[in-house]
Amino acid sequence: MPLVTLTNEQMDRCHIEALRRLNCASKNKQTFDSSNDRYHMDLIGCMGEIAVSLYTNLDWVAEGNDKNVGDVKGLEVRTAAHQDKPNPRYSLVCRPKDKDAIYVLCIAKSNEVVVAGWASRWEVFHIGKQMFQEGTYGLDRLQLHKMADLEEVLEFESRPS
């Protein structure tokens, strides 16, 4: 599994983007069921996004750009904080309002990010299991496609029709 170690400069970019997102979130009414604070959730998310960008050599959207193109040039990224316990369970989670796209699961700890695998939204909803919130599904990490296989899929999708 790919491991991306973020530099201090890359971590600084994540902190700046997490603060920008926190500022934007304070202006809307979105709530979170998690006990994690919003800043920490956004920081972990940014770390996963920049790690996927570095791994795939695709642009990290971030910084207020059009989110219709995905977190990383067409890909959606979901990042979980590392669980410091025996046999942790990680799932790639999709919610009902999530768009039809390829989703990548990352696991972050300190400045290191494991790019764990990927699946389409369709796969998460049809192979995964219902999660904590109605209409939300998760696909276990062990059921994800290997990241090495993503290059071929992206190459196929970028070909002209």
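A nonpolar core, for this tour, is a set of buried Ala, Val, Leu, Ile, Met, Phe, Trp, Tyr and Cys residues joined through side-chain atoms within 4.5 Å. Buried means under 20% relative accessible area, exposed means over 50%, and partly exposed is in between (1.4 Å probe, protein chains only).

What you have open is a predicted model, so local features need pLDDT of at least 70 and side-chain atom pairs count only at pLDDT 80 or more, while totals for chains, interfaces and linings use all residues. Residues are numbered from 1 along each chain as its sequence is written, and side-chain values use heavy atoms, with hydrogens and water left out.

**Stop 1: the whole chain**

Start in cartoon view. The chain has four helices and seven strands; these are DSSP runs numbered from the N terminus, with helices being H or I of at least four residues and strands being E of at least two. Going along the sequence, you'll meet them as β-α-α-β-β-β-β-α-β-β-α. Of the 161 residues, 40% count as buried. Contact here means heavy atoms within 4.5 Å. Among contacts between residues at least 6 apart in sequence, 61% join residues at least 24 apart.

**Stop 2: the largest core**

Select Leu6, Met47, Val52, Val104 and Val115. Of the 25 residues in the largest nonpolar core, these touch the most other members. Elements giving two or more residues to this core are α1, α2, β2, β4 (102-109) and β5 (112-120). Helix α2 supplies the largest share, seven residues.

Now centre on Val104. Leaving out residues up to four places away in sequence, Val104 touches a list that includes Val52, Leu75, Val77, Arg78, Leu92, Val115, Trp118, Met147 and Leu150. A second, separate core of 13 residues is also there to colour, with Ala101, Tyr103, Leu105 and Ala119 among its members.

**Stop 3: helix α1**

Select residues 8-25. These 18 residues should span 26 Å at 1.5 Å a residue, and the end C-alpha atoms are 25 Å apart, which agrees. (The expected span is 1.5 Å times one less than the number of residues.)

Which residues of α1 are buried? Show Gln10, Met11, Cys14, Glu17, Ala18, Arg21 and Ala25 as sticks: those are the ones. Look down the axis of α1 and these buried residues fall within an arc of 125°, so they line one face of the helix. The arc is taken from the directions from the helix axis to the C-beta atoms. Turn to the other side of α1 and you'll find Asn8, Glu9 and Ile16 exposed. The cover over the buried residues includes β1 (3-5) and α2 (38-56).

**Stop 4: charged pairs in the helices**

The structure holds eight salt bridges, each being a side-chain nitrogen of Lys or Arg within 4 Å of a carboxyl oxygen of Asp or Glu. Stay on α1 and pick Arg21 and Glu17, whose side chains meet in one of these bridges at 2.8 Å, N to O. The two residues are four apart in helix α1, separated by about one helical turn. Glu17 is buried at 1% relative accessibility, and Arg21 is buried at 11%.

Hop over to α2 and select Arg38 and Asp42. Their closest N and O atoms are 2.7 Å apart, again a salt bridge. Arg38 and Asp42 are four residues apart in helix α2, so about one helical turn separates them. Both are buried, with Asp42 at a relative accessible area of 9%. Show what lies around Asp42: beyond four places in sequence, Asp42 touches Ala18, Arg21 and Leu22.

**Stop 5: strand β2**

Select Lys99 and Glu76, where the side chains form a salt bridge at 3.0 Å, N to O. Lys99 lies in the loop between β3 (91-94) and β4 and Glu76 in strand β2, so the pair ties together parts 23 residues apart in sequence. Lys99 is partly exposed at 30% relative accessible area, whereas Glu76 is buried at 8%. Back among the charged residues, select Glu17, Arg20, Arg21 and Glu49 as a group: salt bridges that share partners join them into one network.

Last pick: Arg78, in strand β2 (residues 75-81). Is Arg78 buried or exposed? Buried, with a relative accessible area of 15%. Its side chain makes a polar contact with the side chain of Asp98 at 2.4 Å and reaches the backbone oxygen of Val93 at 3.0 Å. (A polar contact is a pair of N or O atoms within 3.5 Å; within protein, one must be able to donate a hydrogen and the other to accept it, and residues adjacent in sequence count only if both atoms are side-chain atoms.) Leaving aside neighbours within four places, Arg78 also has contacts that include Leu92, Arg95, Tyr103, Val104, Leu105 and Cys106.
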